[in-house]
Amino acid sequence: MQIDRFAYLNRWRRRHPAEKAGIAILCLLACLLSRSVMVPLLAAFFMGLLTVVGARIPWRTYWRLLLVPLGFLLFGSLAILIDLPANGFDIREIRLATGNVPVAALLVSRSFGAVCSLLFLALTTPMTDILTLLRRCGFPALLLELMLLAYRQIFLLLDTAARIRQAQEARLGYLSWFGGLRSFGLLGAALLRQTFQQSRQLHLALQSRGYRDDIRVLSPEFTFSLWALAAGGGAGLSLIVLALIAPAWP
Amino acid sequence: MHIMEGFLPVEHALAWSVAAVPCVAVGLNSIRKSVRRDPEAKLLLGLATAFTFVLTALKLPSVTGSSSHPTGTGFGAVLFGPLAMAPIAFMVLLFQALLLAHGGLTTLGANVISLGVAGPLAGYALFRLGRMLCLPGGLSLFLAVAVADLATYLVTACQLALAFPEPQGGFLAALVKFLGVFSLTQLPLAVGEGIVAVLVFRALAKHSLGDLTKPGRSLKSGEVAS
């Protein structure tokens with residue numbers, strides 16, 4: 001959960017979440033709307049610059065976080081790039097689909113730009129700020145309350161799961177495939193039991209404090225600068241315009 | 001199986017998001033009803049969301065060596081009912097996007113449809129069918145969870161094939177291709193997750209039966225014994 005840690009520790013933590021979300025969403029839109037390979041790459045560069053130079057996320061961490069989605073992306077675009085034979089499934093007949101290369105190139109660049117935009121938002125804005133933002137946007141209160149409860153609990157459960165897993169591995173619980181499945185099943189059962197137990201305890205604790213379907217938390221004070229908003233918004237909007245006018249790949 | 005951020009063209013991303021909204025709304029309404037009956041259910045569902053997130057963040061031991069994470073859709077549908085799964089999937093997917101950079105915001109709608117609607121509905125239907133045919137509880141559960149995974153995988157492949165049809169052969173050829181490529185990870189996952197679900201249920205039924213059959217769950221006490 002490195003992303004969550006940096007969301008609290010980056011230099012732009014106190015910037016208004018609407019500012020950060022706005023820029024990320026504009027770039028995301030530019031990536032999706034683009035028919036050209038260059039615009040998403042430009043957006044990726046812009047978002048990477050803001051993340052590493054602006055919010056001061058260490059570039060090594062940033063790169064490592066990018067690698068995982070990139071792996072998925074290559075695997076996914078592989079499916080578009082290969083050409084299955086029309087009759088029968090002879091593995092030697094699989095070859096590169098040259099007609100699909102432009103589609104795959106656009107896909108890779110679009111996804112790359114979009115992932116950079118998503119990472120910018122995720123690395124600079126903690127979940128609690130995003131929930132506050134969603135409340136302002138008129139999301140159902142019940143959904144946000146469930147999310148707040150879940151977010152709090154995730155870290156406790158992850159900690160328990162990691163400790164159970166370590167104990168199981170120390171006892172060679174994952175040596176064989178079926179043994180691994182059995183250990184995993186035990187882990188899941190223990191975790192689920194703890195979930196039930198904690199939900200009961202939390203219910204009692206909240207009830208005894210006069211819980212009325214509403215958990216109110218103070219949000220920190222945010223700095224809000226018109227200049228930053230104009231610069232970010234301008235860059236995002238010009239990327240969108242560029243995406244709309246840039247010609248498709250030959 | 002997720003579709004990652006930016007993978008779908010803008011029209012598809014938009015269409016799937018619009019399709020997902022009523023599903024989440026209906027699920028939220030059903031949650032609201034069960035909360036009115038039993039206020040504790042709200043906390044339970046919140047924590048169940050956290051549980052699903054944590055479980056899907058863990059790697060399942062896999063045969064092919066590929067990384068596969070359990071989806072939890074079939075199991076959740078059997079435990080909490082299929083309707084509640086759409087909002088839970090929405091929340092889990094949003095957490096995964098913002099905390100793990102898995103999946104994404106623009107593909108959230110498509111992923112909610114495959115993981116939160118198609119998987120749970122298919123899994124739950126199969127579980128009920130299995131119980132109606134008086135199959136052993138463990139077998140029904142295994143089938144439900146495995147089929148929920150397979151339905152998710154099928155729907156995701158359809159979504160991808162709709163977005164990227166082949167120049168020759170169109171949608172069907174693309175569908176066959178996506179099904180083929182992703183079967184490497186998805187078929188072992190379905191079997192593995194089915195087995196794990198049965199093991200989890202057994203362990204829970206042995207140690208804390210009350211948790212499974214309380215009011216607010218969709219199971220009756222007779223259904224747990226396998």
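In the predicted model, chain A and chain B bury about 6700 Å² between them, and carbon and sulfur atoms give 82% of that area. Chain A brings 74 residues to the contact, and chain B brings 70 residues. On the chain A side, three residues stand out. Leu118(A), Phe184(A) and Phe196(A) supply 10% of the area that chain A buries against chain B, more than any other three residues.

The fold of chain A was examined next. Chain A contains nine helices and two strands. Their order along the sequence is α-α-α-α-β-β-α-α-α-α-α. The radius of gyration of chain A is 23 Å, whereas the globule rule gives 18 Å for 250 residues, so chain A is more spread out than a compact globule. The C-alpha trace of chain A spans about 65 × 60 × 35 Å along its principal axes. Of the 250 residues in chain A, 49% are buried. Among contacts in chain A with a separation of 6 or more, 75% join residues 24 or more positions apart.

The surface and charges of chain A were also computed. The accessible surface of chain A is about 13200 Å², and 65% of it belongs to carbon and sulfur atoms. Chain A carries 25 positive and 12 negative charges. The mean positions of these two sets lie 6 Å apart.

Chain B is built from helices, with nine helices and zero strands. Its pattern along the sequence reads α-α-α-α-α-α-α-α-α. Of the 226 residues of chain B, 64% count as buried. Residues 24 or more positions apart make 72% of the contacts in chain B that have a separation of 6 or more. Chain B exposes about 8000 Å², with 71% supplied by carbon and sulfur atoms.

One helix of chain B is notable for its burial. Helix H3 of chain B covers residues 73-80, and eight of its eight residues are buried, so the helix is largely enclosed by the rest of the structure. The buried residues of H3(B) include the aromatic pair Phe75(B) and Phe80(B). Also buried there are Thr73(B), Gly74(B), Gly76(B), Ala77(B), Val78(B) and Leu79(B). Gly81(B) follows H3(B) and has a positive phi, near 90°.

Two residues of chain A illustrate how its helices meet chain B. Thr195(A) sits in helix H8 of chain A, which covers residues 177-207. Its relative accessible area is 2%, under the 20% cut-off, so Thr195(A) counts as buried. Beyond residues up to four places away in sequence, Thr195(A) touches Leu157(A) in chain A. Across the interface, Thr195(A) touches Leu47(B), Ala48(B) and Phe51(B).

Leu157(A) belongs to helix H7 of chain A, residues 141-170. Leu157(A) is buried as well, with a relative accessible area of 0%. With neighbours within four places in sequence set aside, the contacts of Leu157(A) in chain A are Leu191(A), Gln194(A), Thr195(A) and Gln198(A). In chain B, Leu157(A) is in contact with Leu47(B), Ala50(B), Phe51(B) and Val54(B). Leu47(B) and Phe51(B) thus appear in the contacts of Leu157(A) and in those of Thr195(A). The C-alpha atoms of Leu157(A) and Leu192(A) are separated by 9.3 Å, although the two residues are 35 residues apart along the chain. An α-helix has 3.6 residues a turn, so residues three or four places apart point the same way.

Terms used. Residues are numbered from 1 along each chain as its sequence is written. Chains are lettered from A and ligands numbered from 1 in the order in which they are written. This is a predicted model: local features need pLDDT of at least 70, side-chain atom pairs count only at pLDDT 80 or more; totals for chains, interfaces and linings use all residues. Side-chain values use heavy atoms; hydrogens and water are left out. Helices (H or I, at least four residues) and strands (E, at least two) are DSSP runs, numbered from the N terminus. The radius of gyration is taken over C-alpha atoms; the globule rule is 2.2 Å times the number of residues to the power 0.38. Buried means under 20% relative accessible area, exposed over 50%, partly exposed in between (1.4 Å probe, protein chains only). Contact means heavy atoms within 4.5 Å. Accessible areas come from the Shrake-Rupley method with a 1.4 Å probe; for residues, only the protein chains shown count as cover. Lys and Arg count as positive and Asp and Glu as negative; His and the chain ends are not counted. The place of a charge is taken as NZ of Lys, CZ of Arg, CG of Asp or CD of Glu. Buried area is the accessible area (1.4 Å probe) that two parts lose on being put together, summed over both.
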